[in-house]
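Dear colleague,

Please find below the structure that I am handing over to you. My notes on what was found in it follow directly after.

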Amino acid sequence: MRIKTYKLRARITLFSQVEGKTIDLTPWIKTLSVKKDLIASAGTFNISMLPNADKTSRLSWYYRVSPMDYVEIRFTRDSTSRSIPIVMRGFVDNISRTAMVDQDGKPQRGYSINGRDFGKILEITRIYYLREISKDVQLMYLPGHERFKEKYGTPLTGKPAEIIESIFSVARNQLELIRTGQPDVPRMDYLASQTIEGAVNQFSLTQDDGSIWEMMQFFDNTPWNELFLIDLETGPTLVFRETPWKDFDTDSYVQSMDEEIRKQTVEPMVNIEPSSVLSFSLTRSDAELKNYFFTYLSLSNTFRAKFLTLKGIEDSKSPP
């Protein structure tokens, strides 16, 4: 009987701002976990470290690691691959140190590094439109779209993909400031589907200021389109594409995958068979339904026309 085995290979590096160099953390990793939700703005990672055994430094991990240090995580269980694929890149949120004395009187020390992927830049970069307009320091909201170009140099006009790219450029500029002190930090890219249709409502922005991620989500027209950040070998990439929808009655796609984006993205590094799933939880809510009623006519009509065509209904141009 032949038993299939896997050889786990990992490499975790961190650019220490304290020491001004890249440190290989791999030999001292105790546990490692990464998490990325489908609709989350940022993925998270947690690294549990063994007590410092690096003879080149007298500092403990607590003092060698700082918030916003750049972390790169690679691992695979494929023993045939020549290189270890990237799983997550990100920045440190916090570093913690714990110590306790066990029943034998020996001190037990532990270090934990927590952080988020490049979605953290989209969360912490914010845009404000508040301005003082009178002597008594009263504040009011200015028409954000008119002031956006004045303050950030990019206009909020055009198609949704162009709008999101304009907002994304603000976060990308902030990243360049980080790169001046950490040269290993890669640039962020933007990959958008050119087939996304629809108009952008520039008169009903309910939240005039907020994080970059919140503003981009306002224009992505969920659930017809989806916006997410992935780590490609070339660098972290923000993807804006049409959400694939499948009609299970005809086994045909109502809205299919953008082939150009499929070519440039990678296949999943870990495939999980249904028989290996221990538990799952599914939830359906009106969070998806209300977007249908409030979506823009040009896009909803396009979607309805495609859907009704598959159903064989002739009158496919009727409004939703």
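**Salt bridges, strands and aromatic pairs**

Glu 176 is partly exposed, with a relative accessible area of 28%. The model you have is a predicted one, and this residue is a convenient place to begin. Glu 176 forms a salt bridge with Arg 179, and their closest N and O atoms are 3.5 Å apart. The two residues lie three apart in helix α4, so about one helical turn separates them. Arg 179, for its part, is buried, at a relative accessible area of 19%; the cut-off for buried is under 20%.

In total, the structure holds 13 salt bridges. One of them connects Lys 36 with Asp 117, with 3.1 Å between the closest N and O atoms. This pair links distant parts of the chain: Lys 36 sits in the loop between β3 (29-35) and β4 (44-49), whereas Asp 117 belongs to strand β7 (residues 107-117), 81 residues apart. Lys 36 is partly exposed at 35% relative accessibility, while Asp 117 is buried at 3%.

A further salt bridge brings together the side chains of Glu 72 and Arg 74, at 3.1 Å from N to O. Glu 72 counts as buried, with 16% relative accessibility, and Arg 74 counts as buried with 15%. Both residues also belong to a network of salt bridges that links Glu 72, Arg 74, Arg 89, Asp 231 and Glu 233.

**Strand β14 and its neighbours**

Strand β14 (residues 235-242) is mostly covered, and eight of its eight residues are buried. Strand β13 (residues 225-232) runs antiparallel to β14 and is joined to it by eight bridges. The connection from β13 to β14 is a hairpin of two residues. Strand β11 (residues 189-192), by contrast, runs parallel to β14, with four bridges between them. Phe 240 in β14 appears in both pairings: Leu 227 stands opposite Phe 240, and Ala 192 has Phe 240 as its bridge partner.

**Aromatic residues**

The structure holds seven aromatic pairs. In one of them, the rings of Tyr 62 and Tyr 63 have centres 5.2 Å apart and planes at 85 degrees, so the pair is edge-to-face. Tyr 62, which is placed in helix α1 (residues 61-64), is partly exposed at 35% relative accessibility. Tyr 63 is likewise partly exposed, at 47%.

In another pair, the ring centres of Phe 168 and Tyr 190 are 5.9 Å apart with planes at 35 degrees, so this pair is tilted. It links distant parts of the chain, with Phe 168 in helix α4 (residues 160-179) and Tyr 190 in strand β11, 22 residues apart. Phe 168 is buried, with a relative accessible area of 0%, and Tyr 190 is buried with 16%. Separately, Tyr 70, Phe 91 and Phe 118 form one aromatic cluster.

Tyr 62 and Tyr 63 also contribute to the surface: together with Val 18 and Leu 59, they make a nonpolar patch of about 370 Å².

**The chain as a whole**

The protein chain has eight helices and 16 strands. Of its 320 residues, 39% are buried. The chain exposes about 20,000 Å², of which carbon and sulfur atoms supply 53%. Among contacts between residues at least 6 apart in sequence, 59% join residues at least 24 apart.

With kind regards

Notes: Residues numbered from 1 in each chain as written. Predicted model: local features only at pLDDT ≥ 70, side-chain atom pairs only at ≥ 80, totals over all residues. Heavy atoms only, no water. Buried < 20%, exposed > 50% of the residue type's maximum accessible area, 1.4 Å probe, protein only. Pairing = 2+ DSSP bridges. Phe/Tyr/Trp six-rings, centres within 6.5 Å; stacked < 30°, edge-to-face > 60°. Patch = residues over 30% accessible without salt bridge, like charges linked within 9 Å, V, L, I, M, F, W, Y side chains within 5 Å. Areas by Shrake-Rupley, 256 points an atom, 1.4 Å probe, with all protein chains shown as cover. Salt bridge = Lys/Arg side-chain N within 4 Å of Asp/Glu carboxyl O. Contact = heavy atoms within 4.5 Å.
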